[in-house]
Amino acid sequence: MTGQIVNPFASEGAAARYERGRPDYSPHARRTTRALLRSQGVVSPFQRALDVACGTGISTRALQPLALATVGIDASAPMIQLASQREGASYVRARAEALPFSVGVFDLVAVGSAIHWLDPEAFRTELNRVAMPGAWLLIHGHRWTGVLAADDRFRAWMIDRYLTRYPPPPRHRGYRPPADYGAWRHRTWERYEHQVEMTSDRLVDYLTTQSNILTVIESGAEPEADIRGWLRSELDPFFSERPVGSFTMDGYVALHRR
């Protein structure tokens with residue numbers, strides 16, 4: 001990790017892009033999580049679950065059917081505002097490193113696609129405080145692989161053109177399953193893949209939700225319109241013979257117990 005870590009998802013514009021452009025991976029994460037919980041003998045719903053860094057609620061939707069009550073927290077007020085428009089969970093604006101909850105109130109804590117944005121020691125301290133003895137910790141992630149079905153050129157474009165022009169910003173080290181997480185012992189984990197169908201415009205919307213692009217937009221280094229124009233011109237050759245491309249997304253689900 002190098003450089004200062006800045007949250008690129010905090011602004012109203014970032015939240016709007018996220019809501020518009022992020023694929024909903026919650027059914028895949030939920031299905032995998034349920035299977036892993038059953039493998040550990042967990043069949044009853046949890047009493048109270050906490051979704052850390054919930055964003056606009058995609059990760060919370062994955063969690064809701066697993067618990068009788070679900071709370072999502074995020075440091076971004078615009079993200080929380082958008083998430084709160086959906087029923088079935090409560091949402092609170094809060095940082096993962098300063099959780100506004102009492103001691104031992106959650107029997108499930110989840111972090112979805114955000115562990116690399118959290119201060120490891122500060123979050124672990126809060127995690128240990130708000131989770132009850134015997135609670136479960138669910139760490140899961142979801143990402144775009146840059147693999148386009150039947151077109152090997154796309155992966156090369158992503159590395160040579162896209163990530164060279166817009167490199168990832170500084171962040172904490174991500175989760176490396178399987179591994180223990182402090183006082184939480186690793187129990188099981190699994191990877192999954194699924195396909196997402198995208199038009200060129202849909203892909204532009206998605207790419208402008210990624211932290212490398214958001215960092216550039218939020219810093220004012222390059223106008224969003226210019227970035228979107230560059231992306232469209234770069235992507236057009238991949239969609240010249242087909243209106244929709246099938247892209248591989250992958251994810252993982254890791255379970256730990258205190």
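Colleague: Which residues are exposed on the other side of α5?
Modeller: E121 and T125 are exposed there (over 50% relative accessible area, 1.4 Å probe, protein chains only). This is a predicted model, in which local features need pLDDT of at least 70, side-chain atom pairs count only at pLDDT 80 or more, and totals for chains, interfaces and linings use all residues. Residues are numbered from 1 along each chain as its sequence is written, and side-chain values use heavy atoms, without hydrogens and water.

Colleague: And which residues of α5 are buried?
Modeller: Helix α5, residues 120–130 (a DSSP run of H or I, at least four residues), has F123, R124, E126, L127 and V130 buried (under 20%).

Colleague: Why do they line one face of the helix?
Modeller: Seen down the axis of α5, the buried residues fall within an arc of 165 degrees (directions from the axis to the C-beta atoms), so they line one face.

Colleague: What do they pack against?
Modeller: The buried residues of α5 pack (heavy atoms within 4.5 Å) against the strands (E, at least two residues) β1 (46–52), β4 (106–112) and β5.

Colleague: Changing topic, how many cavities of 30 Å³ or more are there?
Modeller: There are two (a cavity is a set of 1 Å grid points where a 1.4 Å probe fits but cannot get out). The largest cavity has a volume, the space filled by probe spheres on its points, of about 60 Å³.

Colleague: What lines the largest cavity?
Modeller: Its lining (an atom within 4 Å of a point) is Y18, R22, P23, Y25, I58, S113, H142, Y206 and M249.

Colleague: And what is the volume of the second largest cavity?
Modeller: About 50 Å³. Among the residues lining the second largest cavity are A29, D51, L66 and H140. Helices α2 (26–39) and α3 (58–63) and strand β5 (131–148) each supply at least two residues of that lining.

Terms used: On a 1 Å grid over the protein atoms alone, a cavity is a set of points where a 1.4 Å probe fits but cannot get out, and a pocket is an open set with protein on both sides within 12 Å along at least five of seven lines; lining residues have an atom within 4 Å of a point.
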